[in-house]
Amino acid sequence: MKTKFLEQSFATHFNAKPDFIVRAPGRVNLIGEHTDYNDGYVLPMGIDHAVWMALSPRADSTVHIRSLDLEADSTFDLHSLTKGEGWAEYVKGVAYELQKEGYPLRGFDAVMTGDVPRGAGLSSSAAVELATARAFASASGFDWQAARMARISQKAENEWVGVNCGIMDQMASAASVAGYALFLDCRTLEYRHAPLPEKVSVVILDTSTRRGLVDSAYNERRSQCEEAARWFGVKALRDVSVDDLKKGQGKLSAVVMKRAKHIVTENARVLESVQQMQAGDVKRLGELFNASHASLRDDFEVTNEALNQIVECAQEQSGCYGARMTGAGFGGCAVALVEEKSAQEFSGAVSAAYKKRSGLDASVYVCKPSAGAGVVERE
Ligand code: GLA
């Protein structure tokens, strides 16, 4: 379906058949929140909502992209990149960082479309970045190295776009494998594909709330974590154990202590989650989800009322093993682990309960763990 649509749209805009179709997914984080910029552990997975590009290389250094969703065009020269505003900055930023790393790039013509909800905490921007990197790899003929491309895309977001994110989203979009979650060590970028337990569905619950001030609150959390790491005399909070944590009691400010407690206990929860996934203990996995939410609500303080409400609505349903907010927080989505056979019923029941409690309409996605950035076979 998607490939036919992309081929037809490419033909409409460029009067030719595209040479490549590439795709990069959004992600949902199962557990390990705000740990990535503390050199810690995360467990995200690529989702079946993605960004797609159909493209053909050009003989010159011009990039011409048509966004089918926004009905807008962007044209720029790879040798004279200048900053602007809007969706094309993610594309330009990746082009800039790739060239800075020494990749000789060829221009291309492309059409782009996506179905990752924007601003919901499902990493639509990482999906655009990795789809762009994949498009350049195809057009310019260089090998795909997932971790390297994720780093370059993260740099594009940090430095070109100006958002101070960690590495999780780009790694999930670059390196996920269908059917698996990605257990990632954010210090070394070593990763392992952890199989999802059988007969379990991952359900994303979008609160439909968005908060504008995420950036400043996110940066504030980062500096509080750095302050705690300095006090403990370590490079990052990843190096503090649950036992060591109490040494900070009464020495660090109450707020900084709470932030550190979240990070240190969350890292431990990720490690245990991976074990429980392997052991197939979904019940315990669900408990870890619930504990993660409580920690993000009470210690890291990055939930909002809507997230707390939707998580409670989810946790109350039979067939739900556990639920938690996912992503940066302050709005956006929660994620629930649900018995596969109850997933549809669960979705309806949570939407109704959430509507009653908050007055808001949730969007619910029963998700499949999907492959990371790649070239798509034609239908
Ligand atoms: C955002 C950032 C990630 C990560 C999460 C919180 O999604 O982009 O790098 O820090 O928040 O876990």
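This is a short walk through a predicted model, from its ligand site to its cysteines.

Let's begin at the ligand. Its surroundings are made up of Arg-27, Glu-33, His-34, Asp-36, Tyr-37, Cys-165, Gly-166, Met-168, Asp-169, Tyr-218, Gly-327 and Ala-328. By residue class, this shell splits into five nonpolar, three polar and four charged members. The ligand occupies the space of the largest pocket.

Within that shell, several polar contacts are worth a look on your screen. A polar atom in the side chain of Asp-36 is 2.5 Å from a ligand oxygen. His-34 takes part through its backbone, where a polar atom lies 2.7 Å from an oxygen atom of the ligand. Arg-27 uses its side chain instead, with an N or O atom 3.0 Å from a ligand oxygen. As for how much of the ligand is covered, the protein hides 92% of the 300 Å² of accessible area that the ligand has on its own.

Now let's turn to the cysteines. Across the whole structure, a search for disulfides returns zero. Take Cys-186, which is in no disulfide: the nearest cysteine sulfur belongs to Cys-165 and is 11 Å away. Cys-165 is itself one of the residues around the ligand. Cys-186 is also buried, at a relative accessible area of 4%.

Why does Cys-313 not bond to the closest cysteine, Cys-320? The two sulfurs are 11 Å apart, which is too far for a bond, because a disulfide needs sulfur atoms within 2.5 Å. Cys-313 is buried too, with 0% relative accessibility.

Key:
Residues numbered from 1 in each chain as written. Predicted model: local features only at pLDDT ≥ 70, side-chain atom pairs only at ≥ 80, totals over all residues. Heavy atoms only, no water. Near = heavy atom within 4 Å. Polar contact = N/O pair within 3.5 Å; in protein donor to acceptor, adjacent residues only side chain to side chain. Areas by Shrake-Rupley, 256 points an atom, 1.4 Å probe, with all protein chains shown as cover. 1 Å grid on protein atoms, 1.4 Å probe; cavity = no way out; pocket = protein on both sides within 12 Å on 5 of 7 lines; lining within 4 Å. Sits in = over half its atoms within 2 Å of the grid points. Nonpolar A, V, L, I, M, F, W, Y, C, P; charged D, E, K, R; others polar. Buried < 20%, exposed > 50% of the residue type's maximum accessible area, 1.4 Å probe, protein only.
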